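Colleague: Could you pick a single spot, look at it closely, and then work outward from there in one connected account? Please give me the cut-offs as you go.

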Amino acid sequence: MIPFVKAHACGNDFLIIDEHLAQRQHAELARKLCARNTSVGADGIEFLDRRPNGELFLRLFNADGSEAELSGNGTRCVAAWLASSEGLQDVALGTHGGVRSCHVVEAADPLYLIESEMGVPRVMQRTIELPGVGNVAGAMVNVGNPHFVLFVDTDDFSAHGQSWQELGARISTSPLFPHGTNVEFVQLISQNEIAFRIYERGCGPTTSSGTGTCASSAAAMALKGAARELMANAEGGPQRTVWASAGESMRLTGPAEIICKGEVAGL
């Protein structure tokens, strides 16, 4: 039996499991344990490695078994669990996308409000061509992992005659992105607010994404003149982003809630 913790950030849910329990079967465990009808169910697993020098490192595996660089929401869920279980108010978590520092702003166990340093976003306008769709204008954004951001003005976030879910799937798995990409569909609500939908690489549609929130916000700030402090609304709820200038780290503030802990049968 494998001990686990389950937590969510705006509905984007993760299992937290100690790295040594994976026994080099991370992908297989992710596919099994993230299945919603036959196991615990989650968008992914954060494997927490407590290294001999005291450093904490996360490996994120998506529900389909693929490994991703990092998850902003998943990192925040781990920070909430460490605050609950060990009383840590500030924690640095290593990821394959860089170190992410988290600070507990408010705590009402099992619910935490956490501010995270998310690194310096890189934004580049790009138009891609999809067979049967044509040219799709957007922006490539890197916030430690890859994103393609489209701006839309439709109420249902559809674009190019397709639903955001359909087009998101096409872009995410396009050969133009050999390693896949996350995709966001962004509406500019006002100078200080955006709304967006997320098609997440390795998961599909999700209610929220921390890195997706940062990518959407960075694109809106860099390309659409949005304010440097934004409220970003996904289906799972709002998060706040602050990006003081292009060379500085973006800060992301949002909730994380511990759902349960228990044991589950392994492979």
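Modeller: Alanine 222 is partly exposed, because its relative accessible area is 41%; buried means under 20%, exposed over 50%, and partly exposed lies in between, with a 1.4 Å probe and protein chains only. Happy to start there, with two notes on the ground rules. This is a predicted model, in which local features need pLDDT of at least 70 and side-chain atom pairs count only at pLDDT 80 or more, while totals for chains, interfaces and linings use all residues. Residues are numbered from 1 along each chain as its sequence is written, and side-chain values use heavy atoms, with hydrogens and water left out.

Alanine 222 belongs to helix 4. Helices (H or I, at least four residues) and strands (E, at least two) are DSSP runs, numbered from the N terminus. Between the C-alpha atoms of alanine 222 and glutamate 46 there are 31 Å, with 176 residues separating the two along the chain.

Helix 4 (210-224) also helps to line the second largest pocket, where helix 4, strand 9 and strand 10 each supply at least two residues. That pocket has a volume of about 160 Å³. On a 1 Å grid over the protein atoms alone, a pocket is an open set of points with protein on both sides within 12 Å along at least five of seven lines, a cavity is a set of points where a 1.4 Å probe fits but cannot get out, and lining residues have an atom within 4 Å of a point. Grid points are joined across faces, edges and corners, and a volume is the space filled by probe spheres set on the points. The lining of the second largest pocket is made of Gln125, Arg126, Thr127, Ala137, Gly138, Ala139, Phe151, Leu223 and Lys224. It splits into 4 nonpolar, 3 polar and 2 charged residues; Ala, Val, Leu, Ile, Met, Phe, Trp, Tyr, Cys and Pro count as nonpolar, Asp, Glu, Lys and Arg as charged, and the others, Gly among them, as polar.

Let's pause at one of those lining residues, glycine 138, which sits in strand 10. Glycine 138 counts as buried because its relative accessibility is 13%. Leaving out residues up to four places away in sequence, glycine 138 touches Gln125, Arg126, Phe148 and Val149, where contact means heavy atoms within 4.5 Å. From glycine 138 to glycine 210 the C-alpha distance is 19 Å, across 72 residues of sequence.

Strand 10 leads on to the largest pocket, with a volume of about 210 Å³. Its lining has 15 residues, and those closest to its centre are Met140, Asn142, Pro146, His147 and Phe177. Strand 9, strand 10 and strand 11 are the elements that give two or more residues to this lining, with strand 9 giving the most, 4 residues. By type, the lining of the largest pocket holds 8 nonpolar, 5 polar and 2 charged residues.

Helix 4 has a part in an enclosed space as well. The structure holds 1 cavity of 30 Å³ or more, and the largest cavity contains about 110 Å³ of space. It is lined by 14 residues, with Leu70, Asn145, Asn182, Glu200 and Thr211 nearest its centre. Strand 4 and helix 4 are the elements that give two or more residues to the lining of the largest cavity. That lining divides into 3 nonpolar, 9 polar and 2 charged residues.

Strands 9, 10 and 11 come back at helix 3. In helix 3 (residues 164-172), the buried residues are Trp164, Leu167, Gly168, Ile171 and Ser172. They share one side of helix 3 because they cover an arc of only 130 degrees around the axis, the arc being that of the directions from the helix axis to the C-beta atoms. These buried residues pack against strand 9 (122-130), strand 10 (134-142), strand 11 (146-151), strand 12 (182-190), strand 13 (193-200) and strand 14 (204-206).

To finish, the cores. The largest nonpolar core has 25 residues, and Val78, Leu82, Val91, Leu93, Tyr112 and Ile114 have the most contacts inside it; a nonpolar core is a set of buried Ala, Val, Leu, Ile, Met, Phe, Trp, Tyr and Cys residues joined through side-chain atoms within 4.5 Å. Among the elements supplying at least two residues of this core are strand 4 (56-62) and helix 2 (72-86). Helix 2 provides the largest share, 7 residues. A second, separate core of 22 residues includes Val149, Ile194, Leu230 and Ala234, and Val149 is also one of the residues that glycine 138 touches.
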